[in-house]
Every structure is written in C-alpha cells, then in structure tokens.
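Student: I have a new model open on my screen and would like to talk it through with someone. Could we go over it together, one question at a time?

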Amino acid sequence: MNIFENYLSKISKIIIDNKKNLKLSVLENLDNINLEVPPDHLDYDLSSNASLVLAKTNNLNPINLAKEIKNLLLSKISDFEEVDIAGPGFLNIKLSKDGYVVNINNILKNKEKYGSKQSNKTYNIEFVSANPTGPMHVGHCRGAVFGDVLSNLLSFNGNKVVKEYYINDYGNQIYNFVESVYFRMREVKFKDKFILKKNLYPGEYIKEIAKNILKNNKNINIENLDNCFEELKKISLQESMTSIKNDLKKLGIQHDNFSSESDLVKQNLVGKAVKDLQSKNFVEEGYLNPPKGEIPKDWKKIKRLLFKSTEFGDDTDRALQKNDGSWTYFANDVAYHYDKILKKYDNLINILGADHTGYIKRITGAVSALSNKKVKLNCKVCQLVKLYKNGQPFKMSKRAGDFISANELLNEVNKDSIRFMMLNRSNDVELDFDFEKVKEKTKDNPVFYVQYAYARINSIIRTLKINLNDLVSIDTQTFQPNEYEDKILRKIFEWPKIIESASYKLEPHKIPFYLYDLSTLFHSYWSKGNENSKFKLLQNGRIKKKDSLIYILLIAIVIKNGMKILGVSLPEKM
C-alpha cells in the first residue's frame with residue numbers, strides 16, 4: 001500500500017465512524033473522494049476533495065464541513081502535522097516528522113515493489129502484428145515499445161499479462177508475397193527478370209529472403225508456382241517472421257504467443273463467431289452502400305452478411321463476406337477476438353498503427369457483442385514517427401522499398417535510446433525522433449540524463465565504500481531535510497500516483513516524463529552543492545549528513561523501478 005492509498009483509507013474510515021457528528025446521511029459517493037499531489041507552489045504533501053464531494057450530496061456548506069473534517073484528521077492521524085482549507089474546501093495536508101519517517105522507511109523495506117498498485121487481473125495485449133510480408137519499419141517500433149512497456153507496467157502491478165503477436169498469414173497479400181519471393185528466386189537461380197506486376201513486393205529485402213530459401217532448401221522445385229506454392233508459403237513466412245523476431249529481440253521485446261490467422265480459418269472459428277453473433281441478432285443479410293467518392297468499376301451491389309456495427313457507434317455496418325462469399329479480413333479478425341474471449345481474459349488491449357483509427361469502433365463493437373458486454377477491448381493508436389538526422393528528414397531505404405526498416409534504426413542508435421524516446425510523447429501525437437539528439441550527453445537527451453543520475457548516485461556509493469543494503473532506515477531525531485531534499489521527498493512520494501495513472505489510463509509515457517523530472521531534481525541538488533557548501537553532499541570523501549544518503553537512495557530505487565518497466569538499462573558507470 002502506498003502513501004495515498006494508506007491515508008485515503010484512514011480518512012475514509014474516520015469519516016464513516018463520525019458520519020453522525022459530521023451530519024452525513026448520504027455516503028454512497030465515498031468512492032469519489034481522492035487524495036492527490038498538491039500543486040507545486042503549495043508547501044503541502046497531500047490534497048483531498050473529501051469535503052467538496054460529501055457536502056454536495058448532503059446539502060452542507062463545504063467550508064464548514066472541511067473545518068470539521070480537519071479537526072478529526074489532526075486528532076486521529078498522528079502523521080498529519082497541519083491541515084489547511086483552500087479554495088472552495090480542499091484539504092491540504094502536511095506530514096509530521098513521524099509521518100515522513102514512517103513512509104520513507106516503508107519505501108526502504110519494499111524497494112522493488114515501491115509504487116506498484118497490486119492487482120490480480122489477466123491481460124492479453126496484442127501489439128506489433130506487422131504483416132509478415134516484409135521487415136519491421138519505424139512505425140512498428142513505436143507500437144512495439146509502447147506495447148512492451150505497457151505490458152511491463154501492468155505486470156509490475158501484479159497482473160498476469162500475455163503479450164501476443166497476430167500473424168496475418170491469410171489472404172491475397174500472402175499470395176502476392178509468396179509470388180514475389182518466387183520470382184526473386186527465379187531471378188537469383190535462373191537469371192530471370194523480376195516481373196513488375198501489380199501488387200507484387202519489389203523491395204530488395206524480398207531478394208534476401210529468396211537467397212536464404214535457396215541456400216537452406218537446395219532441393220526445392222521452383223519450375224511452377226502452383227506446384228510449390230504451399231511449401232514456399234510456409235518457408236517464406238518462416239523467413240519473414242524470423243527477421244521480425246530478430247528485430248524485436250534487438251529492441252528487447254519477446255512475445256508470449258504468436259497467433260496465426262490461417263489457423264483460425266482452418267479451425268472454422270470464423271463460422272463459429274459469426275454464428276454466435278447471428279444468435280444474438282447482431283448479423284443480418286443486407287447490401288452495402290457504394291464507396292464514397294469514385295465508385296470502382298468492379299463494385300457490385302451484392303447481398304451478404306453484415307455485422308450491425310452502427311449499433312456500436314460506427315458510421316456504417318460492416319461486411320463479413322466478400323463478393324464471392326468468402327470471409328472478409330474483418331470477419332477473420334472477429335474470430336481472432338472471439339478466441340481471446342473464450343480464453344477468459346479480464347482485459348483485451350490492442351496497440352494499433354496510425355492507419356487503423358477508423359477500425360476501432362467495429363472491432364470493439366464485435367467484442368462487446370460476442371462477450372455480452374462483459375469484456376472490454378481497449379485500442380491504443382500509436383501515431384507516426386518522423387525521423388531526422390542533421391536537421392533533415394531521414395531518407396528512405398532502397399533496400400526496404402518504401403519505408404525505413406527497424407534494423408536501420410537500430411544501426412543508428414541503441415536499444416535504450418529507442419525505447420525511451422519512443423515514449424517521449426503521448427502515443428496519440430506524432431513523434432519527432434532526432435538521431436543526433438539521442439546521441440548527445442546533455443540534459444537535452446532524456447535517456448542519458450536519467451541514466452547519468454543513476455550512475456552518479458552509484459559513484460557516490462563507491463566513493464563512500466558502503467553497501468546500499470545497510471541503509472535500511474531513518475529516524476525522527478536526525479530527520480531534517482533541506483529545501484532540495486524536501487522537494488525530492490515529495491517527488492518520491494508522487495511515484496505511486498504516476499504508476500496508478502499510467503496503468504489506469506494506459507499511458508506509459510508518464511513514466512519517462514516523471515523520471516526526467518526526478519533526475520532533474522537530483523542533478524540540481526548536486527550542482528547546488530558545487531556552488532554552495534551548505535548543500536554539498538560529499539566533503540573530503542565523506543558524506544556530510546548521513547540522511548542525505550537516504551534521499552539519494554530513494555531516487556536510485558525509483559529510477560531503477562521505472563527504468564525496469566521501460567526496459568532500459570542502467571549503467572553504474574558512465
């Protein structure tokens with residue numbers, strides 16, 4: 001339990017126990033009471049809306065109620081030194097020395113779990129799911145890092161998380177991919193000219209796949225595509241997925257499950273899912289409206305099965321069948337999510353690319369319909385990444401075709417920089433990634449700045465030749481933080497709130513933002529010591545004030561926990 005949960009529980013109990021004296025007849029909205037971090041300009045540690053919430057439903061004056069609650073808190077919670085009533089009735093709370101010491105010692109006893117909000121739910125998080133028709137590109141990297149860090153975050157809170165990759169290995173795109181590999185193989189082996197047909201994949205990476213297949217499958221017969229298609233499809237997909245998995249590994253990402261679209265089709269899960277929707281009256285036979293804009297020449301008004309997507313806020317119902325009666329990609333995707341529902345996950349999360357925004361309502365609607373509204377699918381969209389080098393847009397790769405591959409990015413900058421910087425902005429806005437900036441050893445490079453804070457703390461520990469594990473407690477007799485240490489402690493106490501908010505809103509970018517701010521406080525404190533001996537941590541190779549070690553140890557604990565969630569390394573020397 002963290003400082004906010006601990007004291008909120010105590011405040012709520014005091015209010016319940018004294019409801020008569022407080023003239024509270026309605027307590028149904030007690031869950032709306034919160035305990036937050038006060039604004040920076042206020043010299044307080046906690047802030048509560050208790051009087052505002054309860055006054056409204058009980059027709060009481062919030063200021064008068066706040067005064068009553070204030071007196072109760074000061075008399076019953078020894079950890080509270082001062083309570084101030086602000087604005088319309090907010091309660092701003094300052095901890096006593098005992099309050100500070102108790103909470104600091106709790107953090108020191110629970111280093112690795114500090115900040116976690118323990119839960120016990122199951123999550124299926126599907127991310128990356130790049131089409132196996134070529135290598136990963138930069139856009140996939142952002143979604144890959146986002147999904148992996150979100151998985152780490154939810155696991156940190158005690159949840160069971162399954163990281164899943166959905167392989168789109170069915171349909172016309174796979175035929176086009178295999179045909180492209182086939183022609184490249186003939187080009188390599190027989191010097192045939194590669195045919196520039198519509199829908200083929202012309203990228204040079206296809207030639208690399210072709211060479212690998214010929215090298216490792218010397219007896220493969222490529223005289224006729226129809227005769228070798230199934231064998232070549234299997235081998236080509238293996239080659240492509242091996243490349244993708246290798247890139248993911250370099251990024252520090254490993255999925256738990258790889259689900260195949262082809263396998264779902266073979267198991268007739270599509271038919272079962274559609275039948276389930278039909279039984280619930282969410283599927284009907286009907287006609288699609290013609291596409292907006294110029295109507296394709298081959299468009300026909302054909303009766304087919306439609307999912308009633310408009311009942312879930314979509315702008316039109318969605319086809320489950322193509323013109324020839326076969327299942328659409330959407331129908332296969334419905335089956336994929338039907339399979340997840342059958343596995344009884346508590347929560348489903350999909351990390352999507354920027355071009356999938358319009359797809360969200362139909363698939364979330366399908367999940368709601370299939371699960372009788374018991375399972376919610378959260379879709380998080382990662383917007384585009386723009387790469388810059390020397391102030392100029394980074395040129396596209398000739399080898400890849402028309403995109404910048406993940407491998408190229410990894411050749412330019414290391415994994416740590418990529419993982420940290422891909423979360424340097426919220427997922428729903430475009431991200432500028434500057435190669436030069438992430439190589440700088442300055443404050444402008446956030447990942448370096450955080451790593452350097454941790455390395456500098458370890459340097460202090462090495463200088464003092466002490467064991468961090470020996471620093472296990474602090475007491476009220478020596479507790480007297482200076483103004484910098486006071487700011488550091490309040491920032492440390494804020495960490496559980498960051499974890500709670502990032503987890504609840506599925507916004508892992510809040511973690512690197514917080515770590516940068518915490519590191520800034522530490523670096524500022526260190527720099528101030530060089531200017532003013534009053535704030536100097538070390539003198540003649542010794543610590544000036546024993547408790548100062550505790551404050552920097554707390555910083556190291558939080559940075560270590562945070563960077564572990566981000567999957568970013570923490571060198572002890574830099």
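**A loop, some helices and two cores**

Tutor: Happily! Let us start with Asp475, which sits in the loop that connects α15 (446-464) to α16 (483-504). Keep in mind that this is a predicted model.

Student: Is Asp475 buried, partly exposed or exposed?

Tutor: The relative accessible area of Asp475 is 36%. Buried would need under 20% and exposed over 50%. Asp475 therefore counts as partly exposed.

Student: Which backbone nitrogen does the side chain of Asp475 reach?

Tutor: Stay in the loop between α15 and α16, where Asp475 is found. At 3.1 Å from the Asp475 side chain there is a backbone nitrogen, and that nitrogen belongs to Thr478.

Student: How many Å separate the C-alpha atoms of Asp475 and Val101?

Tutor: Along the chain, Asp475 and Val101 are 374 residues apart. For the whole protein chain, 72% of the contacts between residues at least 6 apart in sequence join residues at least 24 apart. The C-alpha separation of Asp475 and Val101 is 6.2 Å.

Student: And how many Å lie between the C-alpha atoms of Asp226 and Asn289?

Tutor: Asp226 belongs to helix α8 (residues 225-250), and it is exposed, with a relative accessible area of 62%. Asn289 is 63 residues away along the chain. Between their C-alpha atoms the separation is 36 Å.

Student: Which residues is Ser129 in contact with, leaving aside its neighbours within four places in sequence?

Tutor: Ser129 is in the loop between β5 and α5 (138-156), and it is buried, at a relative accessible area of 11%. One residue to look at is Tyr166, 37 residues away in sequence, with a C-alpha to C-alpha distance of 5.0 Å. With those neighbours left aside, the contacts of Ser129 are Tyr165, Tyr166 and Asn168.

Student: Why is strand β6 largely enclosed by the rest of the structure?

Tutor: Strand β6 covers residues 160-167 and pairs with β5 (residues 122-126) in the parallel sense, over five bridges. One of the bridge pairs is Thr122 with Lys160 of β6. As for the enclosure, β6 has eight residues, and it is largely enclosed because the number of them that are buried is seven.

Student: Which strands stand at the edges of the sheet β8-β9-β10?

Tutor: The sheet is open, its three strands come in the order β8-β9-β10, and the pairing is antiparallel. Four bridges join β8 to β9 (residues 304-307), and one bridge pair is Gly286 with Arg304 of β9. Two strands have a single partner each, so one side of each is left without a neighbour in the sheet. Those edge strands are β8 (283-286) and β10 (318-319).

Student: Within what arc do the buried residues of α10 fall?

Tutor: In helix α10 (residues 269-279) the buried residues are Leu269, Val270, Ala273, Val274, Asp276 and Leu277. They line one face of the helix, while Lys275 and Ser279 are exposed on the other side. The cover over the buried residues includes α9 (261-266), β8, β9, α11 (329-342) and α12 (360-370). Seen down the helix axis, the buried residues fall within an arc of 155°.

Student: Which helix gives the largest share of the largest nonpolar core?

Tutor: That core has 121 residues, and those with the most contacts inside it are Ile15, Met136, Leu409, Met422 and Phe433. Its largest share is 14 residues, and they come from helix α18 (residues 546-566).

Student: How many residues are in the other core?

Tutor: This core lies apart from the one with 121 residues. Among its members are Leu277, Ile341, Leu348 and Leu370, and Leu277 is also one of the buried residues of α10. The count for this other core is 34 residues.

Student: Which side chain makes a polar contact with the side chain of Lys510?

Tutor: Lys510 is part of helix α17 (residues 510-531). Leaving aside neighbours within four places in sequence, Lys510 is in contact with Ile498, Ser501, Ala502 and Lys505. Its side-chain polar contact, at 3.1 Å, is with Glu507.

Student: To finish, what share of the residues in the protein chain is buried?

Tutor: The protein chain has 18 helices and 17 strands, and its C-alpha trace spans about 85 × 65 × 40 Å along the principal axes. Its accessible surface comes to about 28,500 Å², with 46% belonging to carbon and sulfur atoms. Of its 574 residues, the buried share is 53%.

Notes
Residues are numbered from 1 along each chain as its sequence is written. This is a predicted model: local features need pLDDT of at least 70, side-chain atom pairs count only at pLDDT 80 or more; totals for chains, interfaces and linings use all residues. Side-chain values use heavy atoms; hydrogens and water are left out. Two strands pair if DSSP finds at least two bridges between them. A polar contact is a pair of N or O atoms within 3.5 Å; within protein, one must be able to donate a hydrogen and the other to accept it, and residues adjacent in sequence count only if both atoms are side-chain atoms. Contact means heavy atoms within 4.5 Å. Buried means under 20% relative accessible area, exposed over 50%, partly exposed in between (1.4 Å probe, protein chains only). The arc is that of the directions from the helix axis to the C-beta atoms. Accessible areas come from the Shrake-Rupley method with a 1.4 Å probe; for residues, only the protein chains shown count as cover. A nonpolar core is a set of buried Ala, Val, Leu, Ile, Met, Phe, Trp, Tyr and Cys residues joined through side-chain atoms within 4.5 Å.
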